[in-house]
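Me: I should like to learn how to read helix packing, internal spaces and buried residues in a structural model. May we work through one example together?

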Amino acid sequence: MTLIFYLKNAMIASIYVVLLYVFQFLSFEFVQFRIAELLLVLVIFNSKSFYGITIGTFVGNMLFSPYGFFDAVVGTIATIITLLFMIFLERQLLLALLMPGIVNGIIIGLMLVYFSDITTIPAFLIAFSWIFIGQTVV
């Protein structure tokens with residue numbers, strides 16, 4: 001691992017955190033259009049960007065999420081799973097690009113339902129749908 005590797009990943013993490021800060025009003029709760037998630041596409045072109053995106057997700061969620069450390073951990077786990085699927089499916093581009101919506105829809109949808117007053121299957125389906133739509137649009 002070279003200095004260039006560390007600098008590139010530090011830049012990716014920094015850009016993720018800045019985008020999350022600027023667009024935090026769109027990045028949390030049931031309806032999410034997390035602009036910073038655009039950076040996930042980088043992993044298809046260079047799998048080494050995995051580290052910067054992961055660190056950016058953890059730091060950004062830790063700093064700005066209303067759910068604090070819990071979202072930092074759960075969100076980072078969701079990002080790691082998403083990125084691994086995207087790397088594995090890089091040859092099937094459309095399926096790889098749907099992974100953020102599917103994985104985050106399930107994991108973050110469950111987390112949001114857990115923190116809400118309504119913990120039912122329809123509430124999860126609504127949360128999943130909004131997160132999937134937001135991730136896919138971004």
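Reply: Certainly; please note at the outset that this is a predicted model. Two packed helices are described by the angle between their axes and the distance between the axes. Here, helix H1 (residues 3-22) and helix H4 (residues 50-64) have axes that come within 8 Å and cross at roughly 35°.

Me: Which hand does the crossing of H1 and H4 have, and which residues make the contact?

Reply: The crossing of H1 past H4 is right-handed. From H1, the contact is made by Phe5, Asn9, Ile12, Ala13, Tyr16, Val17, Leu20 and Tyr21. From H4, the residues taking part include Phe50, Tyr51, Gly52, Ile53, Ile55 and Gly56.

Me: What is the make-up of the contact of H1 with H4 by residue class?

Reply: It has 14 nonpolar and 6 polar residues, and no charged residues.

Me: Let us turn to internal space. How many cavities of 30 Å³ or more does the structure hold, and which residues lie nearest the centre of the largest cavity?

Reply: The structure holds 1 such cavity, and about 130 Å³ of space lies in it. Its lining comprises 17 residues, and those nearest the centre are Gln32, Arg34, Asn61, Asn104 and Ile108.

Me: Which helices supply the lining of the largest cavity, and what is its make-up by class?

Reply: H4, helix H5 (68-88) and helix H6 (93-115) each supply at least two residues. The largest share, 4 residues, comes from H6. By class, the lining has 5 nonpolar, 8 polar and 4 charged residues.

Me: How should I read the largest pocket, and which residues line it?

Reply: One may ask for its volume, its lining and the classes of its residues. The largest pocket holds about 190 Å³ of space. Its lining consists of Met1, Thr2, Ile4, Phe5, Lys8, Asn9, Ile12, Asn46, Lys48, Ser49 and Tyr51. H1 gives the most to this lining, with 5 residues. The lining residues divide into 5 nonpolar, 4 polar and 2 charged.

Me: Now for single residues. Where is Thr54 found, and why does Thr54 count as buried or exposed?

Reply: Buried means under 20% relative accessible area. Thr54 is found in helix H4, and Thr54 counts as buried because its relative accessibility is 12%. Leaving aside neighbours within four places in sequence, Thr54 is in contact with Thr76, Ile80 and Leu83. The C-alpha atoms of Thr54 and Phe85 are separated by 14 Å, with their positions 31 residues apart along the chain.

Me: In which helix does Ala72 lie, and what does Ala72 contact beyond its neighbours within four places in sequence?

Reply: Ala72 lies in helix H5 and is buried, with a relative accessible area of 0%. Beyond those neighbours, Ala72 is in contact with Phe58, Asn61 and Met62. Asn61 also appears among the residues nearest the centre of the largest cavity.

Me: Where is Leu89 found, and is Leu89 buried or exposed?

Reply: Leu89 is found in the loop between H5 and H6. With 10% relative accessibility, Leu89 counts as buried. Its contacts, leaving aside neighbours within four places in sequence, are Leu95, Ala96 and Met99. Leu89 and Ile44 are 45 residues apart in sequence, whereas their C-alpha atoms are 8.6 Å apart in space.

Methods: Residues numbered from 1 in each chain as written. Predicted model: local features only at pLDDT ≥ 70, side-chain atom pairs only at ≥ 80, totals over all residues. Heavy atoms only, no water. Axes fitted to C-alpha atoms, helices over the stretch in contact; angles between N-to-C directions. Left-handed = near helix turned anticlockwise from the far one by under 90°. Contact = heavy atoms within 4.5 Å. Nonpolar A, V, L, I, M, F, W, Y, C, P; charged D, E, K, R; others polar. 1 Å grid on protein atoms, 1.4 Å probe; cavity = no way out; pocket = protein on both sides within 12 Å on 5 of 7 lines; lining within 4 Å. Points joined across faces, edges and corners; volume = space filled by probe spheres on them. Buried < 20%, exposed > 50% of the residue type's maximum accessible area, 1.4 Å probe, protein only.
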